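Reader: I have a structure open and would like to go through it step by step. Where should we begin?
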Amino acid sequence: MSGGGSSGGSLRRYLLTRVALTLPMLLILLTLVFLLLRVAPGDPIRATLGDRLSTEEIEARSEALGFNDPILVQYGRYLGGVLTGDLGNPLTDRRTTLGVIADTFPATLELTLFAMMVAIGVGVLVGAVSGRLRDTPFDVGGRLFGVLIYAAPIFWLGVLAQLVFSLRLGWFPTGSRMTGFDAPRDITGLYVLDSILTLDGSALLASLHHLVLPGTTLGLVIGGIFVRLVRVNMLQTLRSDYVEAAHARGIGERSVLFRHAFKNALVPVVTIIGLQFALLLGGAILTERVFSWPGMGTAILRFLEARDYVGVQGIVTFFALVVVIVSLLIDLVNGLVDPRIRY
Amino acid sequence: MPSPLRLRLQHAVRPFRSASRTARVLVTVGLLITIVFGVAAFLAPTFYRYDGEQYRVEQPDGSFEQLPRLAPPSAEHPLGTTRDRYDVLARIIDGGRLALAVVLFSTLIAMLIGVPLGLLSGYRGGKLDRVLVTVMDAVYVFPPLLLAIIVAFLLQAYFAPGVPSAAAAVGVVYIPQYFRVVRNHTLSVKQEPYVEAARSLGAKERTVISRYVLFNVIQSVPVIFTLNAADAVLTLASLGFLGYGVQPPTPEWGYDISQAIIDITSGVWWTALWPGVAIVTLVTALTLVGEGLNDVINPLLRARGAAGAKLDAAADGEDLGEPANVDPLSPGTEDGSGPGLAGRGFRS
C-alpha cells in the first residue's frame, strides 16, 4: 500500500512530513468542531437551558462565560484552551469536560482493549486458516462468518447476546460495569488491570464477568472485518513470488507458512487495526448504550440528550485529538515497517 | 446497423458479461433481494393486511379493535406484535422502504457534493487541491457514526426528523469517499492524451471536465455507491437505535430494536430478532451487489495501472473471493497522503 513508483525519500523525511501534515489536519478538525458546535447552534446557553432560565439569567450567564464575545475571540480562546488542556465546562454537569473524560475514558478504554484482543484473536486466526485451507468447509464457514457479522448491527448482536447469555442462561450480567462495592482500588481506572495490580482476585473475576459480554460483542464485529482482510492477504501472499521462491529453495511447508507468508500477510493488518480505531469508537458508543457501560459514549449521548453544546463540543474535541494522534501513529508505524511508504 | 443507444447499452453491459460467473451470481442474487425489499414495500397493501403504523383494526360496525400487545408469532401476526400493538412484519416491510429511500438520498447527497469537488480538486490541483484534500481527510478520519450523530443532532434544532434530515446525516459520512476516489481518478485521467488533445484544441476547462474527464471518472462511482449503500443501511439503523433517526412511530429497524430492549427482560424475543434479521439480509444483499460490481468493474480500473504490483495478485484472481477491500477504494495510496479507504471496512 505504498506510493507506487514515487521517488523514494528518506525515512526521516517521511516521518517529518507526516508529522507536519498533522497540524493542518488537526486545525481543520478543531475548526470544524468549533463551527458546527459553537457557531451553528447560536446561543448555547439558550439552547441548553432556555426553558429553565429567564432571559436575564441567560444573558448574564452568556456574558460570564464569554459567549457574547466576537466569534474570532471565542475561536482563539477555544484553540488556546485545547492547547492548555482545557476543554470547557459543560452546562449540565458540575465537573469540567476533562473531569468527565477522566471519569469515563478508562471504562471505554477497557472495553475497546478487550474487544480489540477478541477481534485480533478471532480475525487473525480464522482469517489465516481460511486462507490456508482455501475452499474447504472451514474456509466457507469463515467467510460466511465474515460476511454475516459485517452485515449485523452491533447493537442488535448486543441485545441478542443479552437475551441468550444473560436472561436465558444467566451466565453474565445484562449490563453496567461493576457495582462500587466490588470495584478494585482505583489506580488506572481499568478495573481488570487494577485488580491485578492490587492482587484482588474476586474483583478481577467480577470485572471480567461484566466485561465479557459487551467486549466480545464489540470484538466479534470488528473481528469479522479482520477475517476477510487477513484471508485475502494470506491468499495473495501465498501466491506471491517470494513464497514460490521459498518453496523452490526447498524450505519446508511449515516454515514457508509461518516465517514467510503469515508474517507478510500481517503487515497490512497492522494498518487495518489502526484504521478500525474510528470504527471501534463508533461501535463503542453503540455497545455502551446497549450494555449501560459508563464510558465516553454514554457521556456524549447524555450531553446530546441534554442539548448541552458545550459538553458535546468538549468531548468531540477530545475524540478529534485522539483520532488525529492515532492516525499519525499508524502512518508512522507503517513508514517504519514498510520502506515503500515514502513521500 | 444497431442504433447508438443500443451500442451504448451493449458497451455498458460488456464488462458485466465478460465478468466471472461468481461476480455475476453475486450481483444477481444481491439485486434480487434488494428488489424484493423495494417491491414488498410498495405492494404491501395488496398482500398484507396491516400497515406499519397501525395498532387497531376497524370493525364492520365502525368500532375499532386494538391489535394485541406483544402477541407471539401466529398465523394472524406471522412475526408477532410489539409493545405498542404494531405488527412486526408490517413494520419490517415499511422499514425496508424507509431504509432504501434514505440510502438513495444519502448517497445522492454525498455524490452531489463529493464528485464535483473531487473533479475540481483533481483537475485544478495546486492550493485548492491541497486544502480540499486536507479537509476531506480530516472528515474521513473522524468516527463516521459520531459524525452522523452530530449532524443529525444539529439538524434536529431546525427540522423535524424525517427522511431528508436522516439522509443528510448519513450522507455526510460518505462525501470524502466520493471525493477521494474521483479526485485520484481525475489525476490520472487528466494525463491521458485525449484530454491533452482536447485542451490543445482550445476546449474550455468546463468542456474538458464535463465531457472528457467526468465520463471516464464516473465509472468508479457505482462501486462506491453499492459498497456505501450497505453501510448506509447500518448507519441509519445505528442513528435510529440511538434516537437520532426518523420521527417515531415511523417504522425504522434500528429504532424498533431500541424499543425491543425492554421486551427481552420479559422473555419476548420476536420484537428484537426480526428487525435485525431484516438489516442483516438487506446489508448482505447490498454488499453482494457491491462486491460483485467491484469484481466486474475492477479489471478496467486495474488496467489503468495505478495500483501497484501488489494488487496484481488480486487482478488475475477472480476467484480470490472478495478483493473488494483492495482496489478502487484505496485511492489514498496514490499520493501517499494517508490511509486509503481500503481498511476502513465501511462500517459504522
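Author: Begin with a definition: a residue is buried if 20 or more other C-beta atoms lie within 10 Å of its own, exposed if 12 or fewer, and partly exposed in between. Keep in mind that this is a predicted model.

Reader: What percentage of the residues in chain A is buried?
Author: Chain A has 343 residues, and the buried ones are counted against that total. The share that is buried comes to 44%.

Reader: How many helices and how many strands does chain A have?
Author: Read from the N terminus on, every element in the run of chain A is α. The count for chain A is zero strands and 13 helices.

Reader: Of the contacts in chain A between residues at least 6 apart in sequence, what percentage joins residues at least 24 apart?
Author: Two residues are in contact if their C-beta atoms lie within 7 Å. Among contacts in chain A between residues at least 6 apart in sequence, those that join residues at least 24 apart make up 74%.

Reader: Which helix gives the most to the largest nonpolar core?
Author: The largest nonpolar core has 174 residues, and those that touch the most other members include A:Val159, A:Phe226 and B:Tyr178. To this core, 16 residues come from the helix that gives the most, which is H3 (residues 88-124) of chain B.

Reader: What is the distance between the end C-alpha atoms of helix H7 of chain A, and why does it agree with the expected span?
Author: H7 of chain A covers residues 154-168, which is 15 residues. The expected span is 1.5 Å times one less than the number of residues, so H7 should span 21 Å. The computed distance agrees with this, because the end C-alpha atoms are apart by 20 Å.

Reader: Where is the kink in H7(A) centred?
Author: The kink in H7(A) is about 25°. Among the buried residues of this helix are A:Trp156, A:Val159 and A:Gln162. The kink is centred on A:Gln162.

Reader: Is H7(A) roughly parallel or roughly antiparallel to H10(B)?
Author: The axes of H7(A) and helix H10 (residues 253-264) of chain B come within 10 Å and cross at roughly 5°. Angles under 35 degrees count as roughly parallel, over 145 as roughly antiparallel. Therefore H7(A) and H10(B) are roughly parallel.

Reader: Which residues of H10(B) make the contact with H7(A)?
Author: On the H7(A) side, the contact involves residues including A:Phe155, A:Trp156 and A:Leu167. On the H10(B) side, the residues are B:Ile257, B:Ala260, B:Ile261 and B:Ile264.

Reader: Is B:Ser258 buried or exposed?
Author: B:Ser258 lies in helix H10 of chain B. Within 10 Å there are 23 other C-beta atoms, and 20 or more are needed for a residue to be buried. B:Ser258 is therefore buried.

Reader: Is the peptide bond from B:Pro248 to B:Pro249 cis or trans?
Author: Most peptide bonds are trans. B:Pro249 sits in the loop between helix H9 (221-242) and H10 of chain B. With omega near 5°, the bond from B:Pro248 to B:Pro249 is cis.

Reader: What is the phi of A:Ser292?
Author: Most residues other than glycine have a negative phi. A:Ser292 lies in the loop between helix H11 (253-290) and helix H12 (296-305) of chain A. A:Ser292 is not a glycine, yet its phi is positive, at about 45°.

Note on methods:
Residues numbered from 1 in each chain as written. Chains lettered and ligands numbered in written order. Predicted model: local features only at pLDDT ≥ 70, side-chain atom pairs only at ≥ 80, totals over all residues. Helix = DSSP H or I, 4+ residues; strand = E, 2+ residues; numbered from the N terminus. Core = buried A, V, L, I, M, F, W, Y, C linked by C-beta atoms within 7 Å. Bend = angle between axes of the 7 residues up to and from the residue. Axes fitted to C-alpha atoms, helices over the stretch in contact; angles between N-to-C directions. Parallel < 35°, antiparallel > 145°, perpendicular 65-115°, else oblique.
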